[in-house]
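Hi there,

Here is the structure I promised to pass on to you. Have a look at it first, and my notes on what turned up follow below.

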Amino acid sequence: MAGLSRRDRFELPEPMRRLFEGDWEVPAFRVEEFRDANAMVVRAELPSIDPEKDLDVTVTDGTLRIRGERREETSNRSKNGYRSEFKYGSFSRDIPLPAGSSTDEVTASYRDGVLEVRVPLQDAGTGRKVPISRS
């Protein structure tokens with residue numbers, strides 16, 4: 001279709017575009033995991049979220065689950081008309097926790113669009129020595 005500007009073309013919604021372009025395996029949000037001293041740290045990029053209303057962090061059966069809902073609306077009024085866009089939907093991500101995780105002492109904080117979850121790990125030296133008997 002020659003002569004059509006980018007503005008005049010039909011744009012697919014983001015999930016459909018990712019599906020057709022082969023990007024469907026990309027998770028709903030980015031996460032980084034690392035060990036810091038005696039804790040596993042998980043950071044999730046979640047901008048424009050109200051953590052008190054839209055975010056739920058749980059630990060069950062050795063799995064950290066980050067679940068939430070995103071609602072974004074923008075509107076623009078001008079002399080040429082009115083334009084409104086919105087995005088919404090739920091998201092979830094399960095992260096397996098390593099052996100020795102202290103799930104009772106998990107903490108979470110949210111700052112500048114980043115959720116940080118700290119899972120204390122038991123020190124490797126706290127294991128029990130097994131005595132060896134002679135036969």
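**Salt bridges**

R118 and D36 join their side chains in a salt bridge, 2.9 Å from N to O. The two sit far apart along the chain, with R118 in strand 7 (residues 114–120) and D36 in strand 1, 82 residues away. Both ends are partly exposed: R118 has a relative accessible area of 26%, and D36 has one of 34%.

Before going further, a word on the ground rules. This is a predicted model, in which local features need pLDDT of at least 70 and side-chain atom pairs count only at pLDDT 80 or more, while totals for chains, interfaces and linings use all residues. Residues are numbered from 1 along each chain as its sequence is written, and side-chain values use heavy atoms, with hydrogens and water left out.

As for the terms so far, a salt bridge is a side-chain nitrogen of Lys or Arg within 4 Å of a carboxyl oxygen of Asp or Glu. Buried stands for under 20% relative accessible area, exposed for over 50%, and partly exposed for what falls in between, with a 1.4 Å probe and protein chains only. Helices (H or I, at least four residues) and strands (E, at least two) are DSSP runs numbered from the N terminus.

How many salt bridges does the structure hold? There are 10 salt bridges. One of them brings together the side chains of E45 and R30, at 3.3 Å from N to O. E45 belongs to strand 2 (residues 39–45) and R30 to the loop between helix 1 and strand 1, so this pair ties together parts that are 15 residues apart in sequence. E45 is partly exposed at 40% relative accessible area, whereas R30 is exposed at 61%.

R83 and E85 form another salt bridge, with 2.5 Å between the closest N and O atoms. R83 is exposed at 54% relative accessibility, and E85 is partly exposed at 39%. There is also a network: salt bridges with shared partners connect E32, D36, R43, E116 and R118.

**The sheet behind it**

Strands 1 and 7 turn up again in an open sheet of four strands, ordered 1-2-7-6 with antiparallel pairing. (Two strands pair if DSSP finds at least two bridges between them.) Strand 1 and strand 6 (107–111) are at the edges with a single partner strand each, so one side of each has no neighbour in the sheet. On average, neighbouring strands here are turned by 20° against each other, direction ignored; the axes are lines fitted to C-alpha atoms, for helices over the stretch in contact, and angles run from 0 to 180 degrees between N-to-C directions.

Strands 6 and 7 pair in the antiparallel sense over five bridges. S109 stands opposite E116 in strand 7, and E116 is one of the residues in the salt-bridge network.

**An aromatic pair and R70**

Which residues form the aromatic pair? The structure holds one such pair, made of F29 and F91 in an edge-to-face arrangement, 5.2 Å centre to centre and 70° between the planes. F29 lies in the loop between helix 1 (14–20) and strand 1 (31–36), and F91 lies in strand 5 (residues 81–96), so the pair ties together parts 62 residues apart in sequence. Rings of Phe, Tyr and Trp (its six-membered ring) pair if their centres lie within 6.5 Å; planes under 30 degrees apart count as stacked, over 60 as edge-to-face and the rest as tilted. Both rings belong to buried residues, with F29 at 3% relative accessibility and F91 at 7%.

F91 is also among the residues touched by R70, together with L46, P47, I49, K87, Y88 and G89, leaving aside residues up to four places away in sequence. Contact here means heavy atoms within 4.5 Å. Is R70 buried or exposed? R70, found in strand 4 (residues 63–78), counts as buried at 17% relative accessibility. The R70 side chain reaches the backbone oxygen of P47 at 2.9 Å.

**Two backbone details**

S48 has a phi near 60°, a positive value in a residue other than glycine. S48 lies in the loop between strand 2 and helix 2 (51–54) and is exposed at 55% relative accessible area. D61, with a phi near 50°, is also a non-glycine residue with a positive value. D61 sits in the loop between strand 3 (55–60) and strand 4, and is exposed at 77%.

Best wishes, and enjoy exploring!

Note on methods. A polar contact is a pair of N or O atoms within 3.5 Å; within protein, one must be able to donate a hydrogen and the other to accept it, and residues adjacent in sequence count only if both atoms are side-chain atoms.
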